[in-house]
Structures are given as structure tokens and as C-alpha cells.
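Thanks for coming, everyone. I'll put the sequence and the structure up now, then walk through the sheets and the cavity.

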Amino acid sequence: MIVDSHAHLVPPELLAAIRKERGRFPGVRVIEEAGSLALAFAGGKPTRPISKPLSDVAARLAWMDREGIDAQVCGGWVDMFGYELPAQEGESWSRLINDALSAAAKAQPRLVPLATVPLQDGARAAAVLKDAVKAGFAGAMIGTLPRGVGSTLDHADLDPFWQAADETAAFIHIHPSFDAGDARVNDFNLANGVGRITDAMVTMARLISAGHVAKYKNAKIFAPMGAAALPFVLGRLKRNAAITPGISDPVEALSHIYTDTILHDARVLKFVVEMMGSERLMMGSDMPFPIGDSEPMKIVAAAGLSKAQTDSINGGLAARLFKI
């Protein structure tokens with residue numbers, strides 16, 4: 001069983017539902033121009049247009065066939081999670097997305113969905129996560145910025161969500177946001193080159209330091225892209241914990257975090273394996289985004305790992321985690 005553990009999907013069912021039910025969501029502005037669809041939440045700036053590859057299931061399956069991939073774990077698109085919406089409307093929006101993801105997975109069982117939750121309200125996020133797990137989702141994909149630039153996932157009012165993740169043993173994919181607020185990465189496409197990494201790294205370092213990874217051990221916390229460079233800065237985090245009272249042990253925390261292979265350099269992947277082991281590592285593509293890996297098994301093959309490690313990374317672990 002070969003499994004791509006990291007991809008994004010905006011099902012055609014969701015696009016149809018957005019158009020049909022826009023009256024239910026006064027805080028969502030639907031922008032349709034030249035055949036593309038974008039969204040603006042709570043009077044904010046529009047998202048990027050929803051690209052065709054996000055919704056083209058036939059092309060996705062054809063790519064999976066070419067790459068020999070049996071199943072693909074699909075979260076939604078972070079741009080459209082709608083954390084800017086008022087809490088009640090945000091909950092309804094998350095449930096609309098989850099209904100569409102569930103329908104897409106039922107229509108095409110090779111797609112394994114991750115739910116969306118309304119992180120603008122910890123209690124509502126907890127309720128939506130619990131309902132999603134009951135409905136068959138393995139967990140959720142969440143963005144790093146629950147309340148916009150400068151907000152954090154370790155804020156106390158999100159504790160109900162983390163408790164729900166722990167109670168349900170949910171898989172929680174922590175995904176970088178499109179704009180984390182650092183204007184320095186707006187040139188040279190560095191938002192893709194390094195911005196996604198730094199956003200996720202700071203988020204994960206906070207969750208580790210605040211004790212969330214240790215406290216909510218039953219939750220399967222996933223940080224993409226080789227654990228968002230945490231293996232490289234582990235020594236500094238360890239030293240920081242030694243000189244800063246009250247910080248949780250980063251070495252112990254890293255041993256509980258799951259990650260993927262979207263690193264684009266086999267030498268870096270080997271370093272991640274050296275620092276983390278291969279037991280929590282899964283092959284991923286970040287489909288359909290250009291910064292992703294369009295041939296995701298090649299880096300695993302080039303890393304010179306054992307057959308057992310390769311089999312686990314390419315799908316064995318994901319098949320167990322997601323009950324595929």
C-alpha cells in the first residue's frame with residue numbers, strides 16, 4: 001500500500017455547495033471572475049483563486065496512477081478555512097467543508113479526508129472535531145494562525161480543541177498559513193522557499209515549549225516538511241529549555257511528532273531520519289502546489305534507507321494511522 005500523506009483538495013461538491021448556500025454565510029463573499037472562484041471572509045482581502053488542480057479529481061487520480069500511489073490523505077485548502085468568520089458562522093462553514101470532503105471520499109475511496117475545524121473558537125473546534133471523528137475522519141488539518149497574523153495555537157482558549165484531539169486520538173496536521181506576516185519573504189517567492197518553514201517552525205516550537213505535545217500525547221501531531229526544520233534547531237531548543245524556566249523538553253516532544261518527506265533533497269531526508277528515526281515519517285507530495293514534490297517516492301528511494309524503513313515511509317505507517 002503506497003500512501004501520499006500530505007495533499008489538499010477542494011472537492012467539486014464544495015464549490016457547488018458554496019454557490020448554492022452562499023445565503024447562509026453573510027460573512028463570506030464569493031468572487032467569481034473569468035471562470036475562477038475566490039473568497040473573502042468577514043470583509044478581509046480575497047483569497048487566491050481556487051486553482052483547477054485543487055478540484056480536478058480525475059487529473060489527481062491519473063497522477064496517482066502514474067506515481068503508483070494507492071491512496072492520498074487530503075486536507076482542505078488553508079486559505080479557505082475561514083477563521084476570520086464569527087464563531088457560529090465559522091462552525092457552519094467548517095461543517096459545510098467537512099460534508100463535501102466526506103462526500104468526495106465516499107465517491108472516491110482512494111481519497112482519505114482530514115476535517116476542517118473553526119479554530120476561532122476552541123469549544124466549537126472541539127465539537128466539530130469530535131463529530132468529524134465519529135463520522136470517520138482520522139483527524140483534521142489546521143492552519144498555524146487561528147486569529148490572523150501573530151496569533152498562536154497554544155493560546156489557552158484553544159485548550160478544549162487540544163483536549164478533544166487527545167481524547168479522540170485524532171491526527172492533527174499543522175499546516176503553514178499563506179501569509180504569516182513576514183513581509184521579507186514576499187520577494188523571490190521566498191514565502192514558498194522559507195516562509196512556510198519558518199511559520200510552521202515557530203508554531204511547533206511554541207507548542208513544544210508550552211507543553212502541548214507532552215500534555216496531549218494521544219493526539220497524533222503532524223508537522224510537515226521534515227518537522228518544519230525542528231531537527232536542525234533541536235540543539236538550540238534544548239539549550240533554550242535549559243536556560244528558560246518552565247519550558248517543556250523539546251527532545252522528548254520531537255519523539256512524538258509525525259512528519260513527511262517534502263524536503264527536495266535526499267541528504268536532508270537522511271538527516272531527518274538520523275534525528276527523528278523513520279517510525280513517524282511518511283511520504284508526502286503537497287499536491288497540487290508547485291512547491292510540492294511531484295515524484296514523491298524518488299526522494300525516499302534516494303535516501304539509502306532499509307527496505308523496512310522505505311516500506312513504512314511510503315505507506316505502511318500511513319495505512320495504519322488512517323486505517324486504509
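In which sense do strand 7 and strand 8 pair, and over how many bridges? Parallel, over 3 bridges. Pairing here takes at least two DSSP bridges between two strands. Strands are DSSP runs of E with at least two residues, helices are runs of H or I with at least four, and both are numbered from the N terminus.

Ground rules next. This is a predicted model, where local features need pLDDT of at least 70, side-chain atom pairs count only at pLDDT 80 or more, and totals for chains, interfaces and linings use all residues. Residues are numbered from 1 along each chain as its sequence is written, and side-chain values use heavy atoms, with hydrogens and water left out.

Back to that pair. Strand 7 covers residues 171-175. F171 stands opposite K220 in strand 8. Both strands belong to an open sheet of 3 strands, order 6-7-8, with parallel pairing. Its edges are strand 6 (139-143) and strand 8 (220-222), each pairing on one side only. On average, neighbouring strands in this sheet are turned by 20 degrees against each other, direction ignored. Axes are lines fitted to C-alpha atoms, for helices over the stretch in contact, and angles run from 0 to 180 degrees between N-to-C directions.

Now the other sheet. It is open, has 3 strands in the order 1-4-5, and pairs in parallel. Strand 1 and strand 5 (111-113) are the edge strands, pairing on one side only. Here the average turn between neighbours is 30 degrees, direction ignored.

Strand 4 (residues 71-75) joins strand 1 over 4 parallel bridges. Strand 4 joins strand 5 over 3, also parallel. Look at C74. It is the bridge partner of A7, and it stands opposite P113 in strand 5.

Is strand 1 mostly covered or open? Covered: 6 of its 6 residues, 3-8, are buried, meaning under 20% relative accessible area with a 1.4 Å probe, protein chains only. Helix 3 (residues 57-67) lies across strands 1, 4 and 5, at about 135 degrees to strand 4. Contact means heavy atoms within 4.5 Å.

Last, the cavity. The count is 1 cavity of 30 Å³ or more. A cavity is a set of points on a 1 Å grid over the protein atoms alone, where a 1.4 Å probe fits but cannot get out; lining residues have an atom within 4 Å of a point. The largest has a volume of about 40 Å³, the space filled by probe spheres set on the points, which are joined across faces, edges and corners. Its lining includes W93 and F25.

Conventions
1 Å grid on protein atoms, 1.4 Å probe; cavity = no way out; pocket = protein on both sides within 12 Å on 5 of 7 lines; lining within 4 Å. Buried < 20%, exposed > 50% of the residue type's maximum accessible area, 1.4 Å probe, protein only.
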